[in-house]
Amino acid sequence: MPAGKRLSPKTKSPKRMDHIGSKIAEARRQQGYSQEALANQAGINLRTLQRIESGDNEPRGATLRLLCEALDIRMEDLVEYNRKEDPSFLRWFYLSTLLGCVIPLGNLLIPLILWLTNRDRVLGLQEHGRTLINFQIVWCLVIYGVPMINAFLLIFHVSPVPLASLALMVGVVLLGFAINFIMVFMAVYRINSDVSKTVFPSIISFIRA
């Protein structure tokens, strides 16, 4: 979708502007649409629009896209509006990765659960979670994959130098843990100054949403 128009600063009280429907109503009034005209322009039911603007329904998927296209605004402006800054949560989100030291796959599963259950609430978590989880998937494939490959080579006597193969495996695992530790604490430190920047690189984008 094109960049679209940015919404102007809020003109209503914070209590009134606490849901996406209020933002849609504000944009509609700014552009001179009646509810009926906007519903016709977006191709949705008038009653649906009324319920969205009153906060009874929250638009998702196709309905949200149609409204954004009709108003020529960016979908992310509406979605992000409903989220609140919570640097403390983001710090704990990154630190939860360290549970992988005591819980197998904990570095992936715990952040994944936190991401799925809070990404619509915490500003910036969508992108932070996406990059962190993608990195942890790659990390798990390497850290758990290398020992499995090494074990296969030893069992079937493919490795000509078992001790060298074992040393390489241990080295890769230790290096992997060290990199993960460093990246986590770098991310936590950066959250203190800028919650919008992520640290973990997207090596392979398993999760794109």
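This report describes the helices, ring contacts, internal cavity and selected backbone features of a predicted model.

## Overall architecture

The predicted model contains nine helices and zero strands. Read from the N terminus, the order of elements is α-α-α-α-α-α-α-α-α. The protein has 209 residues, of which 37% count as buried.

## Helix H1

Helix H1 covers residues 20–30, and nine of its 11 residues are buried, so the helix is largely enclosed by the rest of the structure. The buried residues of H1 are Ile-20, Gly-21, Ser-22, Lys-23, Ile-24, Ala-25, Glu-26, Ala-27 and Arg-28. Lys-23, Glu-26 and Arg-28 are thus listed among the buried residues of this helix. After H1 comes Gly-32, which has a positive phi near 80°.

## Helix H7 and the residue before it

Helix H7 comprises the 13 residues 106–118; at 1.5 Å a residue it should span 18 Å, and its end C-alpha atoms are indeed 18 Å apart. Within H7, the buried residues include Gly-106, Asn-107 and Leu-108, and Pro-111, Trp-115 and Asn-118 are buried as well. A general feature of helices is relevant to such a list. An α-helix has 3.6 residues a turn, so residues three or four places apart point the same way.

Leu-105 belongs to the loop between helix H6 (87–95) and H7. Its phi is near 65°, a positive value in a residue other than glycine. Leu-105 has a relative accessible area of 35% and is therefore partly exposed.

## Aromatic pairs

The model holds four aromatic pairs. One of them joins Trp-139 and Phe-177 in an edge-to-face arrangement, with 5.0 Å from centre to centre and 90° between the planes. Trp-139 is in helix H8 (residues 125–155) and Phe-177 in helix H9 (residues 162–191), so this pair ties together parts that are 38 residues apart in sequence. The two partners are described by separate accessibility values: Trp-139 is buried, with a relative accessible area of 8%, whereas Phe-177 is partly exposed, at 26%.

Elsewhere, ring pairs link Phe-93, Tyr-94, Phe-135 and Phe-200 into a cluster.

## Charges over rings

Two arginines are placed over aromatic rings. Arg-119 lies over the face of Trp-115, at 4.6 Å from the ring centre; Trp-115 is one of the buried residues of H7. The charged end of Arg-121 sits over the ring of Phe-89, with 5.2 Å to the centre of that ring.

## The internal cavity

The count of cavities of 30 Å³ or more comes to one, and the largest cavity has a volume of about 50 Å³. Its lining includes Thr-97, Leu-98, Gly-100 and Cys-101, and Asn-107, Trp-139, Phe-177, Asn-180 and Phe-181 also line it. Both partners of the edge-to-face pair, Trp-139 and Phe-177, are therefore among the residues that line the largest cavity, and the pair ties H8 to H9. Asn-107, another lining residue, is buried in H7.

Which helix gives the largest share of the lining of the largest cavity? H9 does, with three residues. By character, the lining residues divide into five nonpolar, four polar and no charged.

## The loop between H4 and H5

Asp-72 is located in the loop between helix H4 (61–71) and helix H5 (75–81). The phi of Asp-72 is near 55°, which is a positive value in a residue other than glycine. Asp-72 counts as partly exposed, at 33% relative accessibility.

## Contacts across the sequence

Gly-145 has its place in helix H8 and counts as buried, at 17% relative accessibility. Gly-145 and Met-169 are 24 residues apart in sequence, and their C-alpha atoms are 9.9 Å apart in space.

Ser-196 lies in the segment after H9. With a relative accessible area of 56%, Ser-196 is exposed. A distance of 9.0 Å separates the C-alpha atoms of Ser-196 and Leu-125, which are 71 residues apart along the chain.

Notes
Residues numbered from 1 in each chain as written. Predicted model: local features only at pLDDT ≥ 70, side-chain atom pairs only at ≥ 80, totals over all residues. Heavy atoms only, no water. Phe/Tyr/Trp six-rings, centres within 6.5 Å; stacked < 30°, edge-to-face > 60°. Helix = DSSP H or I, 4+ residues; strand = E, 2+ residues; numbered from the N terminus. Buried < 20%, exposed > 50% of the residue type's maximum accessible area, 1.4 Å probe, protein only. Lys NZ or Arg CZ within 6 Å of the ring centre and 35° of its normal. Expected span 1.5 Å × (residues − 1). 1 Å grid on protein atoms, 1.4 Å probe; cavity = no way out; pocket = protein on both sides within 12 Å on 5 of 7 lines; lining within 4 Å. Points joined across faces, edges and corners; volume = space filled by probe spheres on them. Nonpolar A, V, L, I, M, F, W, Y, C, P; charged D, E, K, R; others polar.
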